[in-house]
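I opened the notebook with a simple plan: look at the sheet, then a helix, then a loop. Here is what I looked up, in order.

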Amino acid sequence: MKTYILLVLGASLLLGCSRRDSGVAKQSSSQADIQSRGLQPERGNPDGEASDSLFPLHIYTFDYSDPSFPCEPEGGAMIKGFDTDGNGRLYIAGGKPIRLACYKEQDKEYDIVISNATCNHAIMSLYGDSILFVEEDSRSLAILPKDGKGEVLHFDLPLKETDSIMDGVFRGNELELEVHDNSSQAHSHDEFVRNTHVYTFSSQSSWKRKTGVDTASLPNPQEFLSADAKESLEYYSYKGEHHGMHLFYRHELFLGDIALVDNAGHIRAEASLALLPPVNTCCGEDEHIGWYTSANLYRVKGYSFFLSAYDSKEETISFLEYDLKPLYDIANKNR
């Protein structure tokens with residue numbers, strides 16, 4: 001059974017996401033500062049940025065080695081959740097126990113403990129006036145007001161003690177979880193699939209209601225791609241459908257690439273992302289595959305794409321915002 005679990009975890013591993021030796025906020029980069037850099041080579045990236053690179057609108061950088069920043073106390077920029085209101089306010093979860101810190105740009109507004117659970121898939125969401133966070137090993141849900149001025153509520157999800165949360169995502173006011181039943185050992189892939197289910201939990205009835213679906217795993221976004229797109233996007237990960245286009249992204253050392261794909265599976269626009277720190281941020285760790293990331297650490301608000309990456313030499317983690325509207329204009333023109 002463990003072999004199949006590792007295969008599922010390994011599918012979420014991105015290139016460049018590995019453990020590094022290795023808050024107080026560092027000064028953010030203003031849009032004017034970013035634009036003034038033009039296409040000058042980035043430190044550690046002597047070849048510079050590609051001419052079609054998108055430059056970030058904002059960069060918010062923090063010292064992840066400082067105990068006030070919510071990440072793993074052993075060092076390294078592993079966080080357990082991220083979301084944003086799209087207007088400069090960042091919600092970052094991490095540490096042991098897991099704390100939620102809210103920043104308005106570089107200034108911390110509050111810092112509160114939300115969970116003592118072990119969590120590895122960053123299943124968190126800003127929804128309405130609340131922050132929702134899945135406590136994976138306790139199979140429960142933590143909910144707190146987004147302003148931090150209130151009690152953290154915990155709801156047990158209707159799962160068995162033998163159920164293990166493999167992955168998950170919030171879709172508005174619903175929670176979708178991929179769950180494996182560990183009550184019997186899986187000696188084959190078919191047995192593993194039979195014991196794996198996707199459940200949808202509704203916010204009604206205090207999250208006590210669940211419905212199952214026939215599929216044994218979350219949808220594979222690579223399946224609908226054309227042959228050419230499948231080859232080009234082999235090492236990309238799926239970040240969701242936004243404004244009628246499917247968003248794919250990959251991060252290698254200092255380099256990020258983004259692609260928009262239409263519903264027929266064809267690539268309509270591509271670009272590189274400039275000024276990225278070397279390594280994309282991760283949220284979980286496994287003894288065999290190392291650190292891994294999740295699509296839940298990437299957010300799209302309007303046409304803004306938010307992500308984080310870190311620099312182990314500087315011991316800093318940066319949250320970057322990119323405007324994808326020019327890329328969407330190209331994609332729609334190429335239809």
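I first settled my terms: two strands pair if DSSP finds at least two bridges between them, and helices (H or I, at least four residues) and strands (E, at least two) are DSSP runs numbered from the N terminus. This is a predicted model, where local features need pLDDT of at least 70, side-chain atom pairs count only at pLDDT 80 or more, and totals for chains, interfaces and linings use all residues. Residues are numbered from 1 along each chain as its sequence is written, and side-chain values use heavy atoms, leaving out hydrogens and water.

**Sheet.** I looked up Arg89 and found Lys104 of E5 opposite it. Strands E4 (residues 89–94) and E5 (residues 98–104) run antiparallel, joined by 6 bridges. I then traced the open sheet of 4 strands, with antiparallel pairing in the order E3-E4-E5-E6. Its edge strands are E3 (81–84) and E6, each pairing on one side only.

**Helix H5.** Which residues of H5 (residues 325–333) are buried (under 20% relative accessible area, 1.4 Å probe, protein chains only)? I noted Leu327, Tyr328 and Ala331. They fall within an arc of 100° seen down the axis (directions from the helix axis to the C-beta atoms), so they line one face of H5. These buried residues pack (heavy atoms within 4.5 Å) against strands E15 (237–242), E16 (245–252), E17 (255–261) and E18 (267–273).

**Ala122.** I found Ala122 in the loop between strands E6 (107–115) and E7 (124–127). Ala122 is buried, at 2% relative accessible area. Its C-alpha atom is separated by 5.8 Å from that of Asn296, 174 residues apart along the chain.

Technical notes: Buried means under 20% relative accessible area, exposed over 50%, partly exposed in between (1.4 Å probe, protein chains only).
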